[in-house]
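Student: Could you take me through one part of this model, the parallel sheet and what sits around it? I'd like one connected walk-through rather than a list.

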Amino acid sequence: MRIKVINPNTTWSMTETIAHAARAAVSPGVEIEAVSPAHGPVSIEGHYDEAMACLGLLDEVKKGERDGVDAYVIACFGDPGLDAAREIARGPVIGIAEAAMRSAGYLATGFSVVTTLQRTVVIAEHLLDKYGARAQCRRVRACEIAVLELENPASDAYRTILAECRRALAEDGCGAIVLGCAGMADLCRRLSGELGVPVIDGVAAAVATAEALVRIGLGTSKRGDYAAPLRKPYAGMLAPWAPGG
């Protein structure tokens, strides 16, 4: 089985962190191919960044379809391009926010999301509504840490995230924490050990979900609005992305 994990930003060091978390969460023999697009933002911290990242992400899905990939994971907590990717993929496509939120619902009656910047909170809140998880989410909290600062030892990001998780447990009445950024994937076990509650990393949850769906023979439905895009020409610089091209 081959699962392609796509970090939609172009920061390769973060992709390597994501790859490590993904490989630790799957069964022996499952191949994890972790990639970043060749073009796009170095980090995704808002609606514009998400939009600019989608073409590179979808290009990686198209390559995966040609290469026989069995399933995909979109390793960004905004789940950018998820529905579009499902239109062009035969196998399952799992977004880490959806996987994390659904997994948290299995483990606690309420969870809080701890994410990076305040400006991204509304994106997570929109996804809670989309996935029907609003009633279980107690709060979405921001640490005010830029995504790339997660990799900077001088930022002391871990202590900041830990402190915000402690506030969530004390103030929100939650029983689990969802980490709201793929760049936090390497912090999950340490945080869970210190906090004594489930801390859910969406990367691990998503690859495990993708593996399970492939093992039981399920793929993305090609009826309804996940049917293949209608064939038509695209103009100008978007011509290579035309459906059927």
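Tutor: Let's start with the pairing rule: two strands count as paired if DSSP finds at least two bridges between them. Helices (H or I, at least four residues) and strands (E, at least two) are DSSP runs, numbered from the N terminus. Keep in mind that this is a predicted model, where local features need pLDDT of at least 70 and side-chain atom pairs count only at pLDDT 80 or more, while totals for chains, interfaces and linings use all residues. Residues are numbered from 1 along each chain as its sequence is written, and side-chain values use heavy atoms, with hydrogens and water left out.

On to the sheet, then. By that rule, β5 and β7 pair in the parallel sense over four bridges, with F111 standing opposite A176 in β7. β5 also pairs with β6, again parallel, over five bridges; here V114 has R141 of β6 as its bridge partner. Add the parallel pairing of β7 (residues 176-179) with β8 over three bridges, where V178 stands opposite I200 of β8, and you get the whole thing: four strands in an open, parallel sheet, in the order β6-β5-β7-β8. β6 (137-142) and β8 (199-201) are at the edges with a single partner strand each, so one side of each has no neighbour in the sheet. From one strand to the next, the twist averages 25°; angles here run from 0 to 180 degrees between N-to-C directions, and axes are lines fitted to C-alpha atoms, for helices over the stretch in contact.

Now the helices that pack on the sheet. Helix α5 (residues 121-130) touches β5 (111-115) and β6, and its direction makes about 160° with that of β6; contact means heavy atoms within 4.5 Å. Helix α7 (residues 188-195) touches β7 and β8, at about 170° to the direction of β8. β5, α5 and β6 together make a right-handed β-α-β unit, meaning that with the strands pointing away from the viewer, the path from the first strand over the helix to the second runs clockwise.

How covered is β5? Five of its five residues are buried, which means under 20% relative accessible area (exposed is over 50%, partly exposed in between; 1.4 Å probe, protein chains only). In a regular strand the side chains alternate between the two faces of the sheet. In β5, F111, V113 and T115 point one way and S112 and V114 the other, and all of them are buried.

One more residue ties in with the other end of the sheet. A100 lies in helix α4 (residues 96-107) and counts as buried because its relative accessibility is 0%. Setting aside neighbours within four places in sequence, A100 is in contact with F77, V178, I200, G202 and A205. So two of the residues you met above as opposite numbers, V178 and I200, turn up again in that list. A100 and V73, 27 residues apart in sequence, are 12 Å apart in space, C-alpha to C-alpha.
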